[in-house]
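Reader: Hey, got a minute to walk me through this one? I'd like to start with how the helices pack.

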Amino acid sequence: MTLITMDQAKSFVNEEVTIKAWVTNKRSSGRIAFLQLRDGKAFFQGIVLKAEVGEELFEAAKHLTQETSLTVTGIVQEDNRSNLGYELLVKNFEVIGESQDYPITPKDHGTDFLMDHRHLWLRSSRQHAIMVIRNEIIRATYEFYNNEGFIKIDPPILTGSAPEGTTELFKTEYFDEEAYLSQSGQLYMEAAASAFGKVFSFGPTFRAEKSKTRRHLIEFWMMEPEMANYDHEMSLQLQEHYVAFIVRNVIDHCELALKTLDRNIEQLEKYTQLPYPRIEYTDAIELLNKNGFDDIKWGDDFGSPHETFIASQYEQPIFIINYAKDIKPFYMKINPADPRTVLCADMIAPEGYGEIIGGSERENNYDIMKANIEKFGLDLDAYKWYLDLCQYGSVPHSGFGMGLERCVAWISGIDHIRESSPFPRLLNRLYP
């Protein structure tokens, strides 16, 4: 018997196949039972006809419990009423593992209950769809940077210094030294860029921020490229091409997931159109002030309401460029056109999702970098290795970081970032 997963069904129409599956729900009417099944790849329906399987197996089908695992044999049939487009006419099944009193029933449950049972909630169609989109973003990321001639470098997770200071880092003991869980691999990626030209990393990062907003996680994944001999403009172009590429690939490869989430694909199509608009930080402050935001002035950083309003003026992701230098980290290069600002940009996603990318051209002058480190009150000894990069063959270089979970939430169209991670770490949640 041919063993398949249901996403392969179109190649086996009217053929008998065997599938390993779980029961998500069931109902029966007279001499027919409808099994809602999932096999890890797709959600689909199994039709059990009493006349086909006999009394004993039909009764067994009627009493299957939620999340019981099965080996199911049947005929693949087209079903235009379902998202998948196919169903299985069941000929036989065998129980692999019974499930009793499964806690997540088809009724509504509260958020805390679902988060306490995250290890089981992942089995639902909605969470499955979000993880499929997350996986496609990761897959497309590797394809994009490989095509662009980048090499992947893995920075350390335990560090003795940090790109933006240590006030929001998790501190730990490293034998007889202090160490921190990484908030970014950027500084190490800058070192790698001087060795390989164009590099990127993709891994977990940590922020000890006591934030409960729908945009923040304590542990999240960052995609961080660094490019030697790239100025700010070249970096911006790379960023927009990258984001448009991953959106395009989600549209092309995650049709069922987007349908499950009821995501507006026409809206997503707009995000593949380049170039993305830009607005100077100074102009963004003026725009806000003209529209009733009296709580912000030049030199302040933006909060969520400010970013949301700015993004609402455009139909694509928007770059806010060249922020005031005093609100940005020490490694950003001064903007020669306005020394009050630095050559940087945040990409703000539409629909209220906020910043998904932050990047800049990096300072490469030794004296300026050393002065910046001292000005920010950082330990020069801890950054000695980083200063070496400015001494030995330094070149103009740029880079950026994209938060994976925020990008997943935006493209998926979900309300809270906690659903974009398989096992999210929140301010008050370390379980499961």
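**Helix packing and cores**

Author: Sure. Helix H5 (residues 125-147) packs with helix H14 (residues 404-412) at an angle of about 120°, their axes 10 Å apart. Helices here are DSSP runs (H or I, at least four residues) numbered from the N terminus, and axes are lines fitted to C-alpha atoms over the stretch in contact, with angles from 0 to 180 degrees between N-to-C directions. This is a predicted model: local features need pLDDT of at least 70 and side-chain atom pairs count only at pLDDT 80 or more, while totals for chains, interfaces and linings use all residues. Residues are numbered from 1 along each chain as its sequence is written, and side-chain values use heavy atoms, with hydrogens and water left out.

Reader: OK, so what are H5 and H14 to each other?

Author: They're oblique, because of that angle; under 35 degrees counts as roughly parallel, over 145 as roughly antiparallel, 65 to 115 as roughly perpendicular, and the rest as oblique.

Reader: Which residues of H5 and H14 make the contact?

Author: From H5, Ile 130, Ile 133, Arg 134, Ile 137 and Ile 138; from H14, Leu 404, Glu 405, Cys 407, Val 408, Ile 411 and Ser 412. Contact means heavy atoms within 4.5 Å.

Reader: Ile 411 caught my eye. What else is Ile 411 in contact with?

Author: Leaving aside neighbours within four places in sequence, Ile 411 is in contact with Ile 133, Ile 137, Ile 246, Val 247, Val 250, Leu 258, Arg 263 and Leu 268.

Reader: And which residues touch the most other members of the largest nonpolar core?

Author: Ile 133, Ile 137, Tyr 145, Trp 410 and Ile 411, out of 47 residues. A nonpolar core is a set of buried (under 20% relative accessible area, 1.4 Å probe, protein chains only) Ala, Val, Leu, Ile, Met, Phe, Trp, Tyr and Cys residues joined through side-chain atoms within 4.5 Å. Helix H7 (residues 232-253) gives the largest share of this core, nine residues. Another core, of 32 residues, lies apart from it, with Leu 169, Tyr 323, Ile 373 and Tyr 383 among them.

Reader: Where does Ile 373 meet H13?

Author: Ile 373 is in H12, where Tyr 366, Met 369, Lys 370 and Ile 373 meet Tyr 386, Leu 387, Cys 390 and Gln 391 in H13.

Reader: Switching topic: is Thr 24 buried or exposed?

Author: Buried, with a relative accessible area of 18%. Among the contacts of Thr 24 beyond four places in sequence are Gln 36, Phe 43 and Glu 67.

Notes. Buried < 20%, exposed > 50% of the residue type's maximum accessible area, 1.4 Å probe, protein only. Helix = DSSP H or I, 4+ residues; strand = E, 2+ residues; numbered from the N terminus.
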